[in-house]
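Thanks, everyone. I have one structure for today, and I will go through it from a single residue outward. Please put it on the screen.

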Amino acid sequence: MTVAQNLDRRITIRRQTEGGRDEWNLPTPGEVIEFTVWAARQDASDGERMAAGSVGGYRMTRFIVRHSERTAGILPSDELEHEGRRYNIIGTKETQDGRRRFIEITTNVDTD
């Protein structure tokens, strides 16, 4: 069960908006929307993977945040930053603590 006192980490969510389209109809970068929230952190798994003849490490981490309009809108295309490291967002879901109380953000990060 998640309680507010377990939210002892600060995370930052960043979203790059689209500023418009260029002459080839490709999106151009716009404003960066950023907000910081309190979160609980749980390292779920880690391991190594081999790609193109090199070995790299990774770690899957789950962050739990309070439900709000902003946190409910977190997308896999957003970036999550914690302790100077950028995490790739895999997905989000409500926790089992009750409807609209907490959101679990599943991420992964390269550990190299």
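Which backbone oxygen does the side chain of H82 reach? Before the answer, note that this is a predicted model, and every value I quote is computed from it. The backbone oxygen is that of R10, and the distance from the H82 side chain is 3.3 Å.

Let me stay with H82 for a moment. H82 sits in strand β4, which covers residues 79-82. It is buried, because its relative accessibility is 2% and the cut-off for buried is under 20%. Leaving aside residues up to four places away in sequence, H82 touches R9, R10, I11, R41, F63 and Y87. Three of those names come back later: R10, F63 and Y87.

R10 first. Besides giving its backbone oxygen to the contact with H82, R10 lies over the face of W38, 4.4 Å from the ring centre.

Now F63 and Y87. How many aromatic pairs does a search of the whole structure find? One. That pair is F63 with Y87, in an edge-to-face arrangement, with 5.3 Å between the centres and 85° between the planes. The pair links distant parts of the chain: F63 belongs to strand β3, residues 54-66, Y87 belongs to strand β5, and 24 residues separate them. Both rings belong to buried residues. H82 touches both F63 and Y87.

Let me step back to the chain as a whole. The secondary structure amounts to one helix and six strands, and along the sequence the order is β-β-β-α-β-β-β. The chain has 112 residues, of which 29% count as buried. About 7500 Å² is exposed, and carbon and sulfur atoms supply 44% of that area. On contacts: taking those with a separation of 6 or more, 54% are between residues 24 or more positions apart.

Next, the C-terminal end of that pattern. Strand β5, residues 85-94, and strand β6 run antiparallel and are joined by six bridges. In that pairing, I89 stands opposite T107 in β6. Strand β6 spans residues 102-110 and is mostly covered, with seven of its nine residues buried.

T107 is worth a slide of its own. Is T107 buried or exposed? Buried, because its relative accessibility is 0%. With residues up to four places away in sequence left out, T107 touches R59, M60, T61, F63, L80, Y87, N88, I89 and I90. So F63 and Y87 appear again: T107 touches both, as H82 does, because in each case heavy atoms lie within 4.5 Å.

Back to strand β4, at E79. Here the accessibility is 32%, so E79 counts as partly exposed. Its side chain makes a polar contact of 3.0 Å with the side chain of R86. The contacts of E79, again without residues up to four places away, are T12, I13, R14, R86, Y87 and I89. Y87 is therefore touched by E79 as well, because the 4.5 Å limit applies here too. E79 also has a long-range neighbour to mention: Q16 is 63 residues away in sequence, with a C-alpha to C-alpha distance of 8.9 Å.

A short word on the loops. S77 lies in the loop between α1, residues 69-72, and β4. It is exposed, because its relative accessibility is 62%. The C-alpha atom of S77 is 8.2 Å from that of N88, and the two residues are 11 apart along the chain.

Two other loop residues concern backbone geometry. Most residues other than glycine have a negative phi. Which way does N25 go, positive or negative? Positive, at about 65°, although N25 is not a glycine. It is found in the loop between β1, residues 9-21, and β2, residues 27-51, and it counts as exposed because its relative accessibility is 52%.

The other one is E83, with a positive phi near 50°, again in a residue other than glycine. E83 is in the loop between β4 and β5. With a relative accessible area of 61%, E83 is exposed.

To close, back to where I started: the H82 side chain reaches the backbone oxygen of R10, and H82 also touches both members of the aromatic pair, F63 and Y87. That is all I have.

Notes. Residues numbered from 1 in each chain as written. Predicted model: local features only at pLDDT ≥ 70, side-chain atom pairs only at ≥ 80, totals over all residues. Heavy atoms only, no water. Helix = DSSP H or I, 4+ residues; strand = E, 2+ residues; numbered from the N terminus. Buried < 20%, exposed > 50% of the residue type's maximum accessible area, 1.4 Å probe, protein only. Polar contact = N/O pair within 3.5 Å; in protein donor to acceptor, adjacent residues only side chain to side chain. Pairing = 2+ DSSP bridges. Areas by Shrake-Rupley, 256 points an atom, 1.4 Å probe, with all protein chains shown as cover. Phe/Tyr/Trp six-rings, centres within 6.5 Å; stacked < 30°, edge-to-face > 60°. Lys NZ or Arg CZ within 6 Å of the ring centre and 35° of its normal.
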